[in-house]
Structure formats: C-alpha cells, structure tokens
Amino acid sequence: MFARNIKDLIGEATEYDKKLALEEKKPKSWCKSVSAFANTFGGALIFGISDDGQIVGLDDPEEDAEKVSEAVKSRLDPIPEFKLRFHKADNEKVLVILEVYKGDETPYYYSGDGVLEAFVRVGNESVKATATELKRLVLRGRNTSYDSRNSTYKVEDFAFSKLKERYKKWTGNSFDDKDLISFGLVNEQGELTNAGALLADVFNRLGYMERKGSGFGKIISGYEFQINYNESKRPSFRSDRYQFTVVMPNLNYDVPQNVPQDVPQDKLDAQIVDLIRKDNKISTEKIAIALGVSSKTIKRHIKEMDNVNYIGRGFSGHWEIINYE
C-alpha cells in the first residue's frame, strides 16, 4: 500500500523524511534530521515508509518508538522538543511518526563518535551546518543579535553626558547608568555592547562625546598656542600600574620680565582665526579648550571680530573668514 497523502501523516509539519525502518546501529542516519529540524523550522520523521511512499509498517512499533525516544534523548544536545505518535494505515500496518519542533536553544547538536555536529535543512536534505550558519544558530540560541553582543570596550572609557543631557530635556527624567543597561548599550559587567560602542563612535564623530584620554592632544595643543611655549615646556604623560601622571610645565618659568605674561588680544584673535582655518566647523567650546580660556571669552572675541562669521545654524553650519585686502 502507498501513502496517498503524506500531509495526512505529518500534520502541520512542512519538512519530513521517510525511513523504511529504524536503523539502530546507524543512529546518525536519522538523528541528523532531528538536529536539522530543531535548528530550522521543525519537521517530521516517518518510520515504516519507503522512499517511494510504500507503507510497510514496523514489526514492533512500540519498541521502536521507545528506542527512537531514547536515541533522541541520548544523542541530541540539548534535547529538542518532540512528540511521538502512531499511525495505523488501511492495510493495518503501523507507522511511528516523530514530530520535531523548531527549537529556541539552538544549536542542537548530534553527539556521536566523540564529536558534536549541528545540522540544518537545505531543500529536502539535512546537511552539516557551515561555520557561518553555526554562528547564526549560536546567536539565535542566546536570543541575541550582533548589536546586543559584548564589545571589547568598557563603559568607563566613554562619557555619555550629551545623551544624558538630551534624555533629560526630552523626557524630563534623569538618565543614570542603569538606563544604559536597560537600553541594551551596556551589560551588567560594565562592558559596552556592540550597539553601545557604535553609538559612542557616532557621538564621538559628531562631537557629542569624547573618549577618555582624548584630552591629551587638547592639553598639548593648548600649550602650543601660548606665547611662552617652546618644546622644552611640552607637557608629558607617564603611568605605572598604580597611577597616571601628567606633567605640565610652568610656562612663566624663566621668562624675561619684559615679555608680557598674558596673551594680548590681537594674539588671541589670531589664534582663533588659525583654529577656524584648520576646522571651519569647530565649536567655540573646543576653541576655548584649545586656547585655555573660557568659552565666554571666545564668544566675546568672535563677536568683536568683523572678519569672522558663522554661516547656518547648529552643527550643520560653518565658520567663514573674510580676508580684507
């Protein structure tokens, strides 16, 4: 007798494999399908039916069902969710149908001969998962995406002050470190997730945040613009396992009395213009840091400078310098 409609046998399963009999000595021949079904969309194994659809039944379906159940429990890791049932055909032959459900704890491995192998469905075959497919299964089993995986960065290496400021303005609520965890930017061990690292990098490029340690260059550039600066007074940095030290030489040390100690107004104006020429989108705050003065001082000077104009608004704008002949 031939099975007229396989769908009547497997129910809602869309994938299935047919087995003439239970191969006890070659469990991998059918257990790989169990692994593949659990790792993909689920499926069914029909024992007692030939490849051409002829129903031959099993000699001892109850015993075979027990052996199938035992093999799944001992050969699959973790054990997938499955259901065993019997089907009596019109010719009184009995089939054993193993329904395997799509799993949430992927990858589901077949364990045999001292190795673990994961399988997936490709067409109507169960094939060994490639390295890429295995990685996807691992991520799916952890219920994670690439964004939620841990990066190599620590949260203390970054300052989310701008994000906290904006969050307060938009919602009226304070933003603390616990919110970084709830938003999936940081894990409980204080490591940035890939999403958090990406956000930090974007903010850094937009000038919204800085990596800790980025102030080294600002300290040096701030010194270089001072009137009494020379290479012998260049700031230096050193560290050991216990502390980090910044050596900032006194710029007024050993300066002749007839040399002015403070930067004259026209000197400061020239330094502002020089910084704008290097970066026409530089903020007044960054200019202030580079020159070692307050941002109010920079804004006041720029307001009095008739050769410097800001075109546009906000971060989309830029500085323009008028060159008078």
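1. In this predicted model, Asp77 has Tyr109 of β6 as its bridge partner. The two strands concerned, β3 and β6 (residues 109-112), run antiparallel and are joined by two bridges.

2. β3 and β6 belong to an open sheet of four strands, ordered β3-β6-β7-β8, in which the pairing is antiparallel. At the edges are β3 (76-77) and β8 (125-128), and each of these pairs on one side only.

3. Asp77 also precedes a cis peptide bond: the link from Asp77 to Pro78 has omega near -5°. Pro78 sits in the loop between β3 and β4. A further cis bond runs from Thr106 to Pro107, with omega near 0°. Pro107 is found in the loop between β5 and β6. For anyone checking backbone geometry, Pro78 and Pro107 are the residues to look up.

4. Another open sheet, also of four strands, has the order β1-β2-β5-β4 and mixed pairing. Its edge strands are β1 (16-19) and β4 (82-88); each has a single partner strand, so one side of each is left without a neighbour in the sheet. Direction ignored, neighbouring strands here are turned by 20° against each other on average.

5. Which sense of pairing joins β1 to β2? The two run parallel, with four bridges between them. One residue pair in this ladder is Lys19 with its bridge partner Phe47 in β2. On the other side of the sheet order, β4 and β5 pair in the antiparallel sense over seven bridges. There, Phe82 stands opposite Val100 in β5.

6. β4 and β5 form a hairpin, with five residues between the strands. Glu92 lies in this loop between β4 and β5. Its phi is near 70°, which is a positive value in a residue other than glycine.

7. Two helices pack against the mixed sheet. Helix α2 lies across β1, β2 and β5 (94-100), and runs at about 160° to β2. Helix α3 (residues 61-75) touches β2, β4 and β5, and its direction makes about 165° with that of β4.

8. The count of aromatic pairs comes to two. One of them is Trp30 with Phe47, in an edge-to-face arrangement: the centres are 5.5 Å apart and the planes are at 85°. This pair links distant parts of the chain, since Trp30 is in helix α2 (residues 28-39) and Phe47 is in strand β2 (residues 43-47), 17 residues apart. Phe47 is thus the residue already named as the bridge partner of Lys19.

9. What is the angle between α10 and α11 where they pack? Helix α10 (residues 284-291) meets helix α11 (residues 295-304) at about 110°, and their axes are 8 Å apart. That makes α10 roughly perpendicular to α11, because angles from 65 to 115 degrees count as such. The crossing of α10 past α11 is right-handed.

10. On the α10 side, the contact is made by Thr284, Glu285, Ile287, Ala288 and Leu291. On the α11 side, Ser295, Ile298, Lys299 and Ile302 take part. Sorted by class, this contact has five nonpolar, two polar and two charged residues.

Methods. Residues are numbered from 1 along each chain as its sequence is written. This is a predicted model: local features need pLDDT of at least 70, side-chain atom pairs count only at pLDDT 80 or more; totals for chains, interfaces and linings use all residues. Side-chain values use heavy atoms; hydrogens and water are left out. Axes are lines fitted to C-alpha atoms, for helices over the stretch in contact, and angles run from 0 to 180 degrees between N-to-C directions. Angles under 35 degrees count as roughly parallel, over 145 as roughly antiparallel, 65 to 115 as roughly perpendicular and the rest as oblique. A crossing is left-handed if the near helix is turned anticlockwise from the far one by less than a right angle, and right-handed if clockwise. Contact means heavy atoms within 4.5 Å. Ala, Val, Leu, Ile, Met, Phe, Trp, Tyr, Cys and Pro count as nonpolar, Asp, Glu, Lys and Arg as charged, and the others, Gly among them, as polar. Two strands pair if DSSP finds at least two bridges between them. Rings of Phe, Tyr and Trp (its six-membered ring) pair if their centres lie within 6.5 Å; planes under 30 degrees apart count as stacked, over 60 as edge-to-face and the rest as tilted.
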